[in-house]
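Welcome, and please take a moment to turn the structure around before reading on. The paragraphs below are meant to be read with the view open beside them.

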Amino acid sequence: MEKDGPEDVAELRRKLNVLEQDVQHLVSHDQLTGLMIRSAFLRRLDREFLADAERTHQAAIMEIGVRGIPRISGALGRHAGDYVISALAARLAAHVTDGAVLCRLDYWSFAVFVPQVTDALEALTFAKRLITLLTEPIDWVDRTLSIEAAAGVALVEKRDTDATVLLDRAGLALKSAAQRGGPGYSFFNPALEQAAKRRQDVQASLQDALDNHYFSLNFQPYFLAESGELAGFEALMRLKHPVLGQVSPVEFIPAAEDSGFINRLGAWALAEACRVASTWPSNLVVSVNSSPQQFLGGSLLTDIHNALELYSFPAYRLEIEITESAMLEDSEAIISQLSALRELGCQIVLDDFGTGYSSLSYLWKFPFSKLKIDKSFVHAMESKPQVRGMMKSIVDLARNLGLKVTAEGIETTAQAEMLRANKCDYIQGYLSGRPVPEQDVAAIILTRFASALKDLNLEIADSTKAVSQRFEF
Ligand code: C2E
Ligand code: CA
Ligand code: CA
């Protein structure tokens, strides 16, 4: 028979408390690593630390990002990636003691709150130690795996009261450390917050800018290196905003990529480039830049089809420029789209070669028609003989693979001469022509046509002279 006395109520309460604690733990901790999740971490910081107005110590918050997990998961399976994350979490948990709070923020990042640091140097030393710890090799079955790690550090002053703001600061610092590449760490500074604010403003303005025609394309000519003949134009996006002013693509393209807006913006650029180029002589090609996102889950192929059809523009006159970063993610999906583009008749250019990873294996793995050597490489060539040697080897290799080579960013005649000597096929840069608005393209085409005609007349005159001399007219 069941009892209903006061002891039983107390026992029931106790059990309920335990159960509630279990449930709380379950919902506030990550299943894989057992670490606290973001929301629980922020709540705890707010409640237990920042709410204390009497606190006297300076503290630090850090976000630690690891790189290399997608590569490991891609090669060895998701369980290998999960194993690495658990191993890293265990290392952190073993190291982070003395009241510090640890959390798993998302798949590739952790956060650590250190409640007491004497100064910035101590916080940095702590972050450095964590990076060293995380980048030690990890044994997996019969392999040794390695990852890269970076940390963003923000100091927590007495006046700081909002954990979300503090974590955002550590996140911004991490982004700046990651942008520099490789393992490293970076400190938060207010300029990062201002830059993030500007980025948010740019991001928020994109749709409105597209609707109101604030975007336009500029066109930069490129030429056959040997003859100087005009071969085509690269379409480069511009944004002139009534409030934000002239915004560089270096600023708005990443903002559009982050928000996913790049798909719509990229579709617009393709259509606009085909519209403008359909008015040019039929020997001229237009090159349009693409972002990795347009390949990964975007609608690039449909957008290209639509753009070509809308302006009855032949596919062979459209070149799509793609950077290496697109190829790192899911190469099978990229290869099939690139192959479909080649079948359609479009040319594909590997852009910015010589920056990033520059793996030569891309050259035969992907169906490119052209390789575009980055301007940093072209500029280094003048002062560094070994770069000149490398340039020659790359051109030779591309030639053997049946690829054409463009060198971009040519600013001096010395650079142009070196590239011609190295047998580059095309040259592009401020020396031969800056990017210009649509209405100025016609002038470039006409000037080139006139000079070609002059050359032709001279040749005709020369050959007439030669013939008349031979036959002694
Ligand atoms: P990119 O594709 O490498 O384009 C070449 C950049 O170098 C352009 O900068 C161009 O104006 C600049 N440039 C050309 N010749 C010279 C030179 O002789 N010297 C120097 N120093 N620079 C030269 P821009 O127009 O600011 O574009 C920057 C980047 O923005 C582009 O780099 C490209 O990655 C991106 N971008 C531009 N338009 C688009 C677009 O429609 N879609 C996408 N996804 N990205 C775009
Ligand atoms: Ca380009
Ligand atoms: Ca480029």
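What follows is a walk from the overall form of the chain to its cores, its calcium sites and a few individual residues.

Please keep in mind from the start that this is a predicted model. The chain folds into 18 helices and 18 strands. Its radius of gyration is 29 Å, whereas the globule rule gives 23 Å for 473 residues, so the chain is more spread out than a compact globule. You can also see this in terms of a box: along the principal axes, the C-alpha atoms fill roughly 130 × 50 × 50 Å.

How much of the chain is buried? Of its 473 residues, 45% count as buried. The accessible surface comes to about 24,900 Å², and carbon and sulfur atoms account for 54% of that area. Contacts in the chain often reach across the sequence: among those between residues at least 6 apart, 69% join residues at least 24 apart.

Now look inside. The largest nonpolar core has 80 residues, and the members that touch the most others are Trp280, Leu318 and Phe368. Helix H9 gives the most to this core, with 9 residues. A second core, separate from that one, has 39 residues, among them Val66, Leu92, Tyr107 and Trp140. Returning to Trp280, and setting aside residues up to four places away in sequence, you will find that this residue touches Phe219, Phe233, Val285, Val286, Arg317, Val441 and Ile445.

Helix H9 deserves another look. The helix covers residues 262-277, and Glu272 is part of it. Is Glu272 buried or exposed? With a relative accessible area of 17%, Glu272 falls under the 20% limit and so counts as buried. Its side chain makes a polar contact of 2.9 Å with the side chain of Arg275. Beyond its neighbours within four places in sequence, Glu272 is in contact with Leu217 and Glu438.

Next come the calcium ions. Which residues coordinate the calcium ion (ligand 2)? They are Glu234 through OE, Asn289 through OD1, Glu321 through OE and Asp351 through OD, at 2.2 to 2.3 Å. Along the chain, these donors follow the spacing E-x54-N-x31-E-x29-D. Distant parts of the chain are linked here: Glu234 lies in strand S10 (residues 230-241) and Asn289 in strand S12 (residues 285-289), 55 residues apart. The two residues also differ in their cover, as Glu234 is buried at a relative accessible area of 4%, while Asn289 is partly exposed at 31%.

The calcium ion (ligand 3) has its own set of donors: Asp351 and Asp352 each coordinate through OD, and Glu408 appears twice through OE, at 2.2 to 2.9 Å. In sequence, the donor residues are spaced D-D-x55-E. You may have noticed that Asp351 has now come up at both ions. Asp351 bridges the calcium ion (ligand 2) and the calcium ion (ligand 3), which lie 3.8 Å apart. This bridging residue is buried, with 5% relative accessibility. Asp352, in contrast, counts as partly exposed at 25%.

Two further residues show how the chain folds back on itself. Pro221 sits in strand S9, which spans residues 215-224. Its relative accessibility is 1%, so Pro221 counts as buried. Which residues is Pro221 in contact with, leaving aside neighbours within four places in sequence? They are Leu230, Gly232, Phe233, Gln428, Ser432, Gly433, Arg434 and Ile444. In the case of Ile444, 223 residues separate the pair in sequence, yet their C-alpha atoms are 8.2 Å apart in space.

For the last stop, turn to helix H1, which covers residues 6-28 and holds Gln24. Gln24 is partly exposed, with a relative accessible area of 43%. Between the C-alpha atoms of Gln24 and Ala40 the distance is 9.6 Å, and the two residues are 16 apart along the chain.

Key:
Residues numbered from 1 in each chain as written. Chains lettered and ligands numbered in written order. Predicted model: local features only at pLDDT ≥ 70, side-chain atom pairs only at ≥ 80, totals over all residues. Heavy atoms only, no water. Helix = DSSP H or I, 4+ residues; strand = E, 2+ residues; numbered from the N terminus. Buried < 20%, exposed > 50% of the residue type's maximum accessible area, 1.4 Å probe, protein only. Polar contact = N/O pair within 3.5 Å; in protein donor to acceptor, adjacent residues only side chain to side chain. Contact = heavy atoms within 4.5 Å. Core = buried A, V, L, I, M, F, W, Y, C linked by side-chain atoms within 4.5 Å. Rg over C-alpha atoms; globule rule 2.2 N^0.38 Å. Areas by Shrake-Rupley, 256 points an atom, 1.4 Å probe, with all protein chains shown as cover. Donors = N, O, S within 2.8 Å, 3.2 Å for Na, K, Ca; no water.
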